[in-house]
Amino acid sequence: MAKILVTGGCGYIGSHTIVDLIAHGYEVICADNLSYGSTQRLDGIEAITGKKVKNYPINLADKRATEVIFNEHPDLAGIIHFAAFMSVPESVEQPLRYFENNLNSLINVLHFAQVHGIHNFVFSSSCSVYGQPDVLPVTEVTPRKEAESPYARTKQIGEDIIQDFAKAYPQHRAALLRYFNPIGAHPSGQLGEYATFKPNNLAPLITDTALGKRNSLKVFGNQYPTRDGTCVRDYIHVCDIAHAHTLALKHLLEAKNSPAVEVFNLGSGTGATVLEVLTAFETATGVKLNWEYAPPRPGDVVAVYADRTKATQQLGWEPKYSLSEMMNTAWQWALHLNNNLGGR
Ligand code: UD1
């Protein structure tokens, strides 16, 4: 059974990925200092898989602390690196904190991967590296644009660090996974997304509004050059994203990647407007949403959606969940959180 280190495994995508890895026969250890993640997610993982995952609550930006994991687990077959701060507005307010955390943790993990000969590395990147692309859908060779936030810049620099690392140490292989808009929750209702201290993503704001925690949802902008005037994004279920990590890891473990560092877009391949998402929520759940138009949000791109042909052809990845299922699972999770976990 191959042993995998998942950093940031108590986060939203990391925890769903651990569930998927365990379901596919991997042994997992986790490193998450719980700065944003939650130990409730370890309970959720155990409830779904029946396995208790060991977490090292250490700061990966601290080299000495990071070394402990590698000394205790010299037999790691691969690393999936999620650990990073991920709030765009917070990164604008605190750029140095974002650079320090996101880049140092990556550098430290790569350093020990090299020292211990752990050759397979999956990196959590983001479609935000593309900015507003000139041509849609976005393929992996679409040029990256100037980053629109320090958060997005940490993902661009992170990708570049891994490219340089693999050039210097050619036996190392990596997959850079560029997520589009992950939403939804595990169908068991045991794992999902927690609202951050300043929620700004659409799905948690929809469920908060449906629960009555917010009076109304603001739809940012209705004059965009799209089919209904609202922005287009590529929403993808978190379990589909999670499974892509398992497939990318297998691809690396079987040394099927060429070149050594490969980029994959993880999106559904189709875009949905904000109004289409609201309608999908209402239809899937039977819950009416109170919403109103508001001015465009500064920094929003008009439309972005993925060409996922590469992940489908090379990894065998086929997303399974519809927009309706994304909404339904997000709603079941929000209800569970509200009724059993005190809303957190
Ligand atoms: C955001 C991040 C991006 C990250 C992505 C996925 C920003 C600028 N970008 O992008 O880096 O990779 O999430 O986590 O924050 N919307 C509303 N009303 C709301 C909230 C959102 O109309 O109250 C709209 C937005 O204008 C957008 C869509 O819903 O068109 C999705 O918004 P969001 O979930 O924040 O994702 P992104 O903007 O794609």
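Select lysine 218 and the ligand: in this predicted model, a polar backbone atom of lysine 218 lies 2.6 Å from a nitrogen atom of the ligand. Add leucine 202, where a polar backbone atom is 2.8 Å from an oxygen atom of the ligand. Then add asparagine 201, which has a polar side-chain atom 2.9 Å from an oxygen atom of the ligand. On its own the ligand has 740 Å² of accessible area, and the protein covers 87% of this.

Now widen the selection to the shell around the ligand. It holds 18 residues, and the closest are Leu202, Lys218, Arg233, Arg297 and Asp300. Colour the shell by type: nine residues are nonpolar, five are polar and four are charged. Two elements give two or more residues to this shell, helix H7 (202-210) and strand S8 (217-220). Which of them gives the largest share? Strand S8 does, with three residues.

Next, select the open sheet. Its seven strands follow the order S3-S2-S1-S4-S5-S6-S11, and their pairing is parallel. Strand S3 (54-56) and strand S11 (261-266) are at the edges; each has a single partner strand, so one side of each has no neighbour in the sheet. On average, neighbouring strands in this sheet are turned by 20 degrees against each other, direction ignored.

Zoom in on one pair within the sheet. Strand S1 (residues 3-7) and strand S2 (residues 27-31) run parallel and are joined by five bridges. To see one of these positions, pick leucine 5, whose bridge partner in S2 is isoleucine 29.

Show helix H8 (residues 238-253) over the sheet. Helix H8 lies across S1, strand S4 (76-81), strand S5 (120-126), strand S6 (173-179) and S11. Relative to S6, the helix runs at about 160 degrees.

The last stops are in loops. Most residues other than glycine have a negative phi, and most peptide bonds are trans. Against that background, three places can be selected in turn.

- Leucine 34, in the loop between S2 and helix H2 (40-49): this residue is not a glycine, yet its phi is positive, about 65 degrees.
- Proline 137, in the loop between S5 and helix H6 (150-168): a cis peptide bond joins leucine 136 to this proline, with omega about -5 degrees.
- Proline 259, in the loop between H8 and S11: the peptide bond from serine 258 to this proline is cis, with omega near 5 degrees.

Notes: Residues are numbered from 1 along each chain as its sequence is written. This is a predicted model: local features need pLDDT of at least 70, side-chain atom pairs count only at pLDDT 80 or more; totals for chains, interfaces and linings use all residues. Side-chain values use heavy atoms; hydrogens and water are left out. Two strands pair if DSSP finds at least two bridges between them. Helices (H or I, at least four residues) and strands (E, at least two) are DSSP runs, numbered from the N terminus. Axes are lines fitted to C-alpha atoms, for helices over the stretch in contact, and angles run from 0 to 180 degrees between N-to-C directions. Contact means heavy atoms within 4.5 Å. A residue is near a molecule or strand if one of its heavy atoms lies within 4 Å of it. A polar contact is a pair of N or O atoms within 3.5 Å; within protein, one must be able to donate a hydrogen and the other to accept it, and residues adjacent in sequence count only if both atoms are side-chain atoms. Accessible areas come from the Shrake-Rupley method with a 1.4 Å probe; for residues, only the protein chains shown count as cover. Ala, Val, Leu, Ile, Met, Phe, Trp, Tyr, Cys and Pro count as nonpolar, Asp, Glu, Lys and Arg as charged, and the others, Gly among them, as polar.
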